[in-house]
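Trainee: Could we go through this fold together, one piece at a time? I'd like to get the sheet straight before the helices.

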Amino acid sequence: MLELNGIVRVFEQAGTRLEILRGAAMAVRPGELVGLVGPSGAGKSTLLHIAGLLERPGGGSVRIGGVEASGLDDGKRTELRRRAIGFVYQFHHLLPEFSALENIVLPQMVAGVAKPKAAERARSLLAAVGLEKRADHRPARLSGGEQQRVAIARALANQPGLLIADEPTGNLDPHTADDVFAMLTDLVRRSRVAALIATHNHELAGRMDRVLELRDGLLHPRG
């Protein structure tokens with residue numbers, strides 16, 4: 001579902017050339033959870049942004065569901081990103097003035113889904129994350145773990161083939177993080193989404209199918 005080949009990303013800072021990515025390559029298959037680890041500043045977020053079509057690489061190839069995305073114009077990249085990719089961040093970024101249900105309905109309506117059908121899927125996703133009874137609650141009335149569960153449901157609302165998560169449990173206490181990760185794993189398995197998950201939590205990383213370490217601009221498999 002995701003293929004990166006020869007990804008290069010260079011930044012110029014105060015006259016200094018910083019090679020963040022120097023030919024990074026990887027692939028993620030449907031239903032697979034791949035962990036991404038590495039020290040702060042190694043370029044994990046940059047790699048996720050490139051994989052999620054939020055940033056263009058300086059060189060290399062990005063393929064999403066078999067579609068070569070590197071050469072697409074901005075409009076087609078946006079269309080592919082909206083259709084094929086879901087995002088989860090460390091902070092949930094839910095819209096505070098809308099309920100949990102509405103936060104999951106809105107991205108579907110942006111994608112052209114009729115409101116009744118979008119609401120039906122939103123309720124199904126809330127049930128899948130154990131929050132069907134909290135559908136009408138706004139984010140301020142939800143716990144941190146509940147808010148992140150809604151954010152994960154929202155990321156899957158448009159049935160993406162690829163889920164990209166950047167520290168999805170990093171803002172949660174250990175017990176809540178464990179529960180949210182277990183729920184995320186179950187959803188990925190059942191929906192056959194390809195998931196690329198950056199984390200500093202090596203215990204959680206060890207529960208994924210594979211772990212890749214970003215070091216010196218390249219990706220290295222970890223045993």
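Below, we talk through the sheet and then the helices of this predicted model.

Trainee: In what order do the six strands of the open sheet lie?

Mentor: Some background helps here. Strands of a sheet pair through backbone hydrogen bonds, either parallel or antiparallel. This open sheet has mixed pairing, and its order is E6-E7-E8-E3-E9-E10.

Trainee: Which strands are the edge strands?

Mentor: Look for strands that pair on one side only. From one strand to the next, the twist averages 20 degrees. The edge strands are E6 (85-88) and E10 (218-222).

Trainee: How many bridges join E3 to E9?

Mentor: Strands E3 and E9 run parallel. One pair to find is Gly 35, which stands opposite Val 211 in E9. The number of bridges joining E3 to E9 is four.

Trainee: And E9 with E10, is that pairing parallel or antiparallel?

Mentor: E9 and E10 form a hairpin with two residues between them, and Asp 216 in the turn has a positive phi of about 55 degrees. Across the pair, Glu 213 stands opposite His 220 in E10, and the bridge partner of Leu 212 is Pro 221. Over five bridges, the sense of the pairing is antiparallel.

Trainee: On to helices: which residues of H1 are buried?

Mentor: H1 (residues 44-51) lies across E3, E6, E7, E8, E9 and E10, at about 155 degrees to E7. The helix is mostly covered, with six of its eight residues buried. Those buried residues are Lys 44, Thr 46, Leu 47, Leu 48, Ile 50 and Ala 51.

Trainee: What residue with a positive phi follows H1?

Mentor: Check the backbone just after the helix. There the phi is positive, near 65 degrees, and the residue is Leu 53.

Trainee: At what angle does H2 run to E6?

Mentor: H2 covers residues 74-84. This helix lies across E6 and E7, and to E6 the angle is about 70 degrees.

Trainee: Why is H5 called roughly parallel to H6?

Mentor: H5 (residues 144-155) and H6 (residues 174-191) have axes 10 Å apart and pack at an angle of about 15 degrees. Angles under 35 degrees count as roughly parallel. So the angle makes H5, relative to H6, roughly parallel.

Trainee: How many nonpolar, polar and charged residues does the contact of H5 with H6 have?

Mentor: H5 passes H6 in a right-handed crossing. On the H5 side the contact is made by Gly 145, Gln 148, Arg 149 and Ile 152, and H6 brings residues including Asp 179, Met 183 and Leu 187. By class, that contact has five nonpolar, three polar and two charged residues.

Technical notes
Residues are numbered from 1 along each chain as its sequence is written. This is a predicted model: local features need pLDDT of at least 70, side-chain atom pairs count only at pLDDT 80 or more; totals for chains, interfaces and linings use all residues. Side-chain values use heavy atoms; hydrogens and water are left out. Two strands pair if DSSP finds at least two bridges between them. Axes are lines fitted to C-alpha atoms, for helices over the stretch in contact, and angles run from 0 to 180 degrees between N-to-C directions. Contact means heavy atoms within 4.5 Å. Angles under 35 degrees count as roughly parallel, over 145 as roughly antiparallel, 65 to 115 as roughly perpendicular and the rest as oblique. A crossing is left-handed if the near helix is turned anticlockwise from the far one by less than a right angle, and right-handed if clockwise. Ala, Val, Leu, Ile, Met, Phe, Trp, Tyr, Cys and Pro count as nonpolar, Asp, Glu, Lys and Arg as charged, and the others, Gly among them, as polar. Buried means under 20% relative accessible area, exposed over 50%, partly exposed in between (1.4 Å probe, protein chains only).
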